[in-house]
Amino acid sequence: MAKEIGALIKLQIKGGAANPSPPVGPALGAKGVNIMEFCKQFNARTQDKPGKVLPVVITVYTDKSFDFIIKTPPVAIQLLEAAKLKGGSSEPNRKKVASVTWEQVKTIADEKMTDLNAFTIESAMRMVAGTARSMGITVSGTAPWNN
Amino acid sequence: MSQNYYELVFTIVNGEDYVADILTAELADIGFDTFEPNELGFRAYITSSAFDEQELQARLEPYKEQFTFGYEINLIPYKNWNEVWESNFPPVLIGDRLYIRADFHEEKPSYPYQILMHPKMAFGTGHHETTFQMAEQMLDMDLEGKTLLDMGCGTGILAILASQMGALSILAIDNDPIAAESCAENFSLNKVKDAEALCGDVSSLAGKKFDVILANINRNILLRDMQGYVNAMNPGGTILFSGFYTEDLDSIREEAVRVGLKYTSHHSKNNWVVARFDLA
C-alpha cells in the first residue's frame, strides 16, 4: 500500500549546508521527523554543489518517514554565479559591471527549460536574459537569433 | 552554546516570480543559508551572529527602484527543534551486542554494550545507516587499550561505544558547538571516563596521535582533511570513514592512497558506505 502523504514542504537550502535550525528544524521537527537524518542525507546528496541555493521539495509521510527531490538552482542564482565566474568579481552587486555570455545563458536555459515552462530553447534563453537584465547583468555579444 | 536565528519575511508587491529569486541570490551571497518561498514573497534565514543589516540594505538598494518589496525581521530564539522525534524514538539494536536507548526505554542487561542517548539536536543515534555501520565495524575490532579520535562526533555515540570497548584517551571533536555540547552531556550520562569533547576541526589535531580514528562526516570534508587525519595517526593505526555514498567511494579511496593509507575493506547499506583503511 502506498504511504500516506502528511505534508509537502518546499525550501531552498544551500548545498551541503542543511542544519537543524529554522526553517528546516521547525518545518520538519513539528511533523515528528528526525531532522538530523534529513540533514545528513541532503548534505551527502549535494556535495557536488556546495554553497549553491538548491530548491528542495520534501514529502513527509504520516508514518514520519520522508523523501525529497532536489531541483536545479533558480535562474537568478545561476546568473550571479556565472557573472562571478566570468568577471572574477567578488562583488556581484556592482551593477553594470557584471556580464554573462550567451553561451552561459544557454547553459542555464538548457537546464531550466522544464521549470521555466518554455517550449523552445530560444524562449527559455529570452527569459534567462530578461532576468539578467533585471539584475543589472548584461549579456555580452549578439543574441544567437540575431546572427 | 546556542545559536539564535533571524527570519526575514519578504513581501513582494506585483512582482514576477524571478524577483524573489534575485533577492534570494543576493541574500545567499551575504550569509543567509535557507529560504522558504511562499505566495507573497519568501522568508530568509541567517544566524544572528552572521547578520549585518547595513550589508543587507546595501545589497537591496539597487533593486528598490525596479521592484516593490518590504521586509520585517523576527528573532527566532534557539530551541531543540528535534524534540518531538527525540521524545519517542525507537531504540536501536546492533547484532546481539549493542543496545542504544533513551531514558524512556527499559534497560536490557543481556547486551554487553548499552548506550543511553540524549541527542539534543546532534547527529548520531544509531538509526542512520552510517552510524549503524560504523558501530558494526567497531564491534569487530579490538579497541582495548587503543587511543581513539572521533572526528565529527555528533552525539558522541561512537566514542561512547569505543570507551565501553576499552579505548583510552578518547578525543571527540565536532565543528558544531551544539554537537560538542551534546557529546559532553552524553559522556557524563554514560559515565565515560578518560574522554574529552570539544568544538573544533582538523586544526585541533596538531601534535596529537591516535591508534584509531573514526570519521563519519561527508565526502568533501573527508577529502579536504584526510591528510590532517593521517598526520594524527600512530604507525599501524586504523581509520574508519563514513558519511558518503557508494558513488563517492572511488574518490575517497584515491585520496586515501595518495596520503599513504592502505584500503582494507568497505561495507554499504542503502548506498551509504563505511570504509576501513590502515596505516602501514
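Here a colleague asks a modeller how some of the terms apply to this predicted model.

Colleague: What should I keep in mind about this model before we start?

Modeller: The model is predicted, and local features need pLDDT of at least 70, side-chain atom pairs count only at pLDDT 80 or more, while totals for chains, interfaces and linings use all residues. Residues are numbered from 1 along each chain as its sequence is written, chains are lettered from A in the order in which they are written, and side-chain values use heavy atoms, with hydrogens and water left out.

Colleague: Good. Why is B:Phe241 called buried?

Modeller: Buried means under 20% relative accessible area, exposed over 50%, and partly exposed in between, with a 1.4 Å probe and protein chains only. B:Phe241 has a relative accessible area of 0%, so B:Phe241 is buried. You will find B:Phe241 in strand E12 (residues 233–245) of chain B; helices (H or I, at least four residues) and strands (E, at least two) are DSSP runs, numbered from the N terminus.

Colleague: What is B:Phe241 in contact with, beyond its neighbours within four places in sequence?

Modeller: Contact means heavy atoms within 4.5 Å. By that rule the partners of B:Phe241 include B:Met134, B:Leu222, B:Tyr229, B:Ile252, B:Val274 and B:Phe277.

Colleague: And why is B:Ser169 called partly exposed?

Modeller: Its relative accessibility is 39%, which falls between the two cut-offs, so B:Ser169 counts as partly exposed. B:Asn271, at 31%, counts as partly exposed for the same kind of reason.

Colleague: What makes the backbone of these two residues worth a look?

Modeller: Most residues other than glycine have a negative phi, and most peptide bonds are trans. B:Ser169, in strand E9 (residues 168–174) of chain B, has a positive phi of about 40° although it is not a glycine. B:Asn271 has a positive phi of about 75°, and its place is the loop between strand E13 (261–269) and strand E14 (272–279) of chain B.

Colleague: Where is there a cis peptide bond?

Modeller: Look at chain A: a cis bond joins A:Pro22 and A:Pro23, with omega about 0°. A:Pro23 lies in the loop between strand E1 (5–14) and helix H1 (24–29) of chain A.

Colleague: What makes a set of residues a nonpolar core?

Modeller: The set must hold buried Ala, Val, Leu, Ile, Met, Phe, Trp, Tyr and Cys residues joined through side-chain atoms within 4.5 Å. The largest one here has 47 residues, and A:Leu79, A:Ile137, B:Leu23, B:Leu27, B:Phe32 and B:Phe42 have the most contacts inside it. Among the elements giving two or more residues to this core are helix H3 (75–87) of chain A and helix H1 (17–28) of chain B. Apart from it lies another core, of 35 residues, among them B:Phe89, B:Met117, B:Leu158 and B:Val274.

Colleague: How do you know which charges chain B carries?

Modeller: Lys and Arg count as positive and Asp and Glu as negative, while His and the chain ends are not counted. On that count chain B has 20 positive and 42 negative side chains.

Colleague: What are the domains of chain B, and how many Å separate their centres?

Modeller: Domain bounds come from an automatic or database domain assignment, which gives domain 1 (5–78) and domain 2 (126–279). Taken over C-alpha atoms, 38 Å separate their centres.

Definitions and conventions:
The place of a charge is taken as NZ of Lys, CZ of Arg, CG of Asp or CD of Glu.
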